[in-house]
Amino acid sequence: MHMTNNGTNQLTPKKQEATKPAHSKFWVNAHQYFDRVFQTMNLDQTWRSVLSSPKRVLTVSCPVRMDDGRIQVFTGYRAQHNGARGPFKGGLRYDPSVSLDEVMALAMLQTWKNALVDLPFGGAKGGIVCDNKKLSVGERERLTRRYTSEVMPIIGPNQDIPAPDAGTDAQVMAWLLDTYSMMVGHQELGVVTGKPVVLGGSVGREEATGRGIMNVLRKFLATQNKTFTDIRVAVQGFGNVGFHTARLLDARGATVVAISAKEGGIYDESGIDIDAAGLYYKEQGVLTDFPGGDAITNEELLVCDCDVLIPAAMENTITEEVAPHIKARVVCEGANGPTTPKADELLGEMGVTVLPDILSNAGGVTVSYFEWVQGLDNYFWNLKRVQDELQRIMERAFDEVNAKADEAGCDYRTAAYTIAVGRVAEACRLKGLFP
Ligand code: NAD
């Protein structure tokens, strides 16, 4: 295990230039979004590198005894971006595509998201490079426990609080809780969110990201004098975020015309039976061959005939190649970083409204915040309180972004970043530098 600090040092730019490693497209995209807004903000330039550098990045090796007796070593990461506003908070992802650049970029996005919805958290992200679908339950558990023990020095209820992300769920969070608690000698509910409700999780956490997307989309539609019954929706990704988003919109009268998972999806212009598709996906692990619609590829889903497109799978799915062919008039980002900066520009020129990830998918971390508060208090809320408080926070965030976009004459992403980066910059300025 070794700890590195990936901050860039502006005092020696030439030396840095020569040795600087090439970064992934996603990392570059995340920094482009930040830079684009930072330049317009009239902020003291000395804070630029502080705001764009992760505070701490930990890389760990996790040797795991596999079911066949072999020992396999998995690589894991935890990146903590900026903690000026409070303990670090962010998801834990299990996927073959996980990389150091990806978790650093996602941790930065999480900092802006937490600030935008005004939660007292900094941003973090973790991940393990693994093919989730090929691990047995036992292998998954041993991997989670070993990873937890390796990142133990930097996580904790007042340090850094992981949560589910792509490829992880409440069961993984339960193992993380148990491992941490065994090592400190007492049950520590505040160390992780997205836990099962019987282990101190919050009611309403599982559907929270989808519910937050629904809240934000409803507010946006109201600005257009529309409701859910006026829209046809396509949702890419049918995991935690995609499924609950589709289910909640369908239940409120929207017509969900297309859904997809990694292997492909289905289209039905009269509307898909989301509950039946959910059951099918749970049992089969794929949507291909689901009888309630025509088979489509993920590329076809992105450009299908619909009013609202909700990318809820992975980053970089809406590229400059795809963007010109998108027919939806609204893109509501459920995934983190699904739209590349170039595609974002093209969509803007085409008059497509983009509701940015740091606003629209912030419902998950918001209910994670409620769960953390409940765990620290040992006092648990009912579902109505969770849903009402979530709606209040999501609507307030939308109103602030909408007002900023009106005032500055800019798109929603620029408005959201301006608010979020401004809040983090102000916290950094007030705290000053240590020592
Ligand atoms: P998940 O693992 O539950 O589901 C992911 C879904 O996307 C699956 O249906 C999978 O088949 C599909 N998918 C994966 N790669 C794909 C590809 N290349 N093309 C099309 N579909 C693909 O993950 P999740 O928790 O729903 O997270 C999805 C996205 O939302 C991620 O970007 C995650 O960071 C973001 N997010 C999640 C939460 C949360 O609370 N879980 C909160 C905020 C943001």
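## A tour from the R93 salt bridge outward

Select E315 and R93 to begin. Their side chains meet in a salt bridge, 3.0 Å from N to O. Keep in mind throughout that this is a predicted model.

**Stop 1: the two domains.** Colour the chain by its domain assignment. Domain 1 takes residues 2–13 and 44–199. Domain 2 covers 208–360. Place a marker at the C-alpha centre of each domain, and the two markers lie 27 Å apart.

**Stop 2: the contact between them.** Show the residues that touch across the boundary. Domain 1 gives 13 residues to the contact, and domain 2 gives nine. Switch to a surface view here. About 900 Å² is buried between domain 1 and domain 2. Carbon and sulfur atoms give 53% of that area. Now pick L109, K113 and L116 in domain 1. These three lose the most area to domain 2, and together they account for 43% of what the domain 1 side buries.

**Stop 3: polar links across the boundary.** Turn on side chains. Two salt bridges are counted between domain 1 and domain 2. Three residue pairs are in polar contact between these domains, with both residues of each pair at pLDDT 80 or more.

**Stop 4: the elements on the domain 1 side.** Go back to the cartoon and select β4 (88–95) and α4 (100–116). These are the elements that give two or more residues to the side of domain 1 that touches domain 2. Which of them gives the largest share of that side? Helix α4 does, with six residues. Colour this side by residue class next. Seven residues are charged, five are nonpolar and one is polar.

**Stop 5: the ligand.** Centre on the ligand and display its surroundings. How many residues surround the ligand? There are 24, and the closest are R93, D165, T209, Y281 and N336. R93 is the residue from the opening pair, where its partner was E315. Step through three polar approaches to the ligand:

- D165: an N or O atom in its side chain is 2.7 Å from an oxygen atom of the ligand.
- R205: a polar atom of its side chain lies 3.3 Å from a ligand oxygen.
- G239: here a polar backbone atom is 3.3 Å from an oxygen atom of the ligand.

**Stop 6: a long-range salt bridge.** Zoom out to the whole structure, where a search finds 31 salt bridges. Select R36 and D344 as one of these pairs. Their closest N and O atoms are 3.1 Å apart. R36 sits in helix α2 (residues 25–38), and D344 is in helix α11 (residues 341–349). The pair links distant parts of the chain, 308 residues apart.

**Stop 7: two backbone details.** Select D289, in the loop between α9 (274–284) and β10 (294–296). What is the phi of D289? Phi is near 80°, a positive value in a residue other than glycine. Then move to P435, in the segment after α15 (412–431). Look at the peptide bond from F434 to P435. Is this bond cis or trans? The bond is cis, with omega near 0°.

Terms used:
Residues numbered from 1 in each chain as written. Predicted model: local features only at pLDDT ≥ 70, side-chain atom pairs only at ≥ 80, totals over all residues. Heavy atoms only, no water. Domains from an automatic or database assignment. Contact = heavy atoms within 4.5 Å. Buried area = accessible area lost by both parts, 1.4 Å probe. Salt bridge = Lys/Arg side-chain N within 4 Å of Asp/Glu carboxyl O. Polar contact = N/O pair within 3.5 Å; in protein donor to acceptor, adjacent residues only side chain to side chain. Helix = DSSP H or I, 4+ residues; strand = E, 2+ residues; numbered from the N terminus. Nonpolar A, V, L, I, M, F, W, Y, C, P; charged D, E, K, R; others polar. Near = heavy atom within 4 Å.
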